[in-house]
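Colleague: I am new to this structure and would like to learn how to read its features one by one. Could we look at it together, with the general idea before each case?

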Amino acid sequence: MKRSVQVEIAGQQLTIRSDEGADYVQQLAEYVDAHLRVLSGGRRITNSAGLQRVALLVAMQLADELFREKDLHQRFRRRVGDRLETLRRALDDHEQRLVALHEQPAAAAVPP
């Protein structure tokens, strides 16, 4: 169920409707606001054109952060997949050796 959460970003009050909890939405707003403050040099942006420009720079910065995290996640999944494949092959080899060991005594026990 969507709930309304009041947040402040760049000195502007916003109402965000979200299924997430108020604390989470507030953390997101604070994260974005912190990026805005850093890119604006801590100055209060008074005109909408300046705010829009800084907001676009923040969007680019956050998109870069997201892309880097996605790449890291994909590389991690690939590495885990490779290790799982190596483990599967090792288990298959081990299983084949066990089968071969069980077959050898049975063959040796059969009289000529």
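Modeller: Gladly, and please keep in mind from the start that this is a predicted model. A good place to begin is Arg-75, which counts as partly exposed at 42% relative accessibility.

Colleague: With which residue does Arg-75 form a salt bridge?

Modeller: The general idea is that side chains of opposite charge can pair when their charged atoms come close. Here the partner of Arg-75 is Asp-71, and the closest N and O atoms of the two are 3.1 Å apart. Asp-71, at 35% relative accessibility, also counts as partly exposed. The two residues are four residues apart in helix H2, so about one helical turn separates them.

Colleague: How many salt bridges does the structure hold?

Modeller: There are six salt bridges in the structure. One of them joins the side chains of Asp-64 and Arg-68, with 3.0 Å from N to O. Both of these residues lie in helix H2, which covers residues 48–109, and they are four residues apart, about one turn of the helix. Asp-64 is partly exposed with a relative accessible area of 37%, whereas Arg-68 is exposed, with 57%.

Colleague: Which residues are joined into one network by salt bridges that share partners?

Modeller: Let us start with a single pair, in which the side chains of Arg-89 and Glu-85 meet in a salt bridge at 3.9 Å, N to O, and so fall within the 4 Å limit that the term requires. Arg-89 and Glu-85 are four residues apart in helix H2, and about one helical turn lies between them. Arg-89 counts as partly exposed at 46% relative accessibility, and Glu-85 is partly exposed too, with a relative accessible area of 36%. Through salt bridges with shared partners, Glu-85, Arg-88 and Arg-89 form one network.

Colleague: Let us turn to nonpolar side chains. Which residues make up the largest nonpolar core?

Modeller: In soluble globular proteins, nonpolar side chains tend to be buried together. In this model the largest nonpolar core has eight residues, namely Val-5, Val-7, Ile-9, Val-25, Ala-29, Leu-36, Val-54 and Val-58. At least two residues of this core come from each of strand S1 (3–9), H1 and H2. If you look at Ala-29 and set aside residues up to four places away in sequence, you will find that Ala-29 touches Val-7 and Ile-9.

Colleague: And which residues make the nonpolar patch on the surface?

Modeller: Phe-76, Val-80, Leu-84, Leu-87 and Leu-91 make a nonpolar surface patch of about 450 Å². Take Leu-87 as the example, a residue placed in helix H2. Leu-87 has 47% relative accessibility, and because the partly exposed class runs from 20% to 50%, Leu-87 belongs in that class.

Colleague: How should I read a polar residue such as Asp-33: is it buried or exposed?

Modeller: Asp-33, which has its place in helix H1, is buried, with a relative accessible area of 14%. The side chain of Asp-33 makes a polar contact of 2.3 Å with the side chain of Arg-37. Leaving aside neighbours within four places in sequence, Asp-33 is in contact with Glu-8, Ile-9 and Ala-10.

Colleague: What lies 3.2 Å from a polar atom of the side chain of Ser-40?

Modeller: That is the backbone oxygen of Arg-37. Ser-40 sits in the loop between helix H1 (22–39) and H2, and at 4% relative accessibility Ser-40 counts as buried. Apart from its neighbours within four places in sequence, Ser-40 is in contact with Ile-45 and Val-54.

Colleague: One last feature, from the backbone: what is the phi of Ala-10?

Modeller: Most residues other than glycine have a negative phi, and most peptide bonds are trans. Ala-10, although not a glycine, has a positive phi of about 55°. Ala-10 is placed in the loop between S1 and strand S2 (12–18), and is partly exposed, with a relative accessible area of 25%.

Note on methods:
Residues are numbered from 1 along each chain as its sequence is written. This is a predicted model: local features need pLDDT of at least 70, side-chain atom pairs count only at pLDDT 80 or more; totals for chains, interfaces and linings use all residues. Side-chain values use heavy atoms; hydrogens and water are left out. Buried means under 20% relative accessible area, exposed over 50%, partly exposed in between (1.4 Å probe, protein chains only). Patches are made of residues with over 30% relative accessible area and no salt bridge: like charges are joined within 9 Å, nonpolar side chains (Val, Leu, Ile, Met, Phe, Trp, Tyr) within 5 Å. Accessible areas come from the Shrake-Rupley method with a 1.4 Å probe; for residues, only the protein chains shown count as cover. A polar contact is a pair of N or O atoms within 3.5 Å; within protein, one must be able to donate a hydrogen and the other to accept it, and residues adjacent in sequence count only if both atoms are side-chain atoms. Contact means heavy atoms within 4.5 Å. A nonpolar core is a set of buried Ala, Val, Leu, Ile, Met, Phe, Trp, Tyr and Cys residues joined through side-chain atoms within 4.5 Å.
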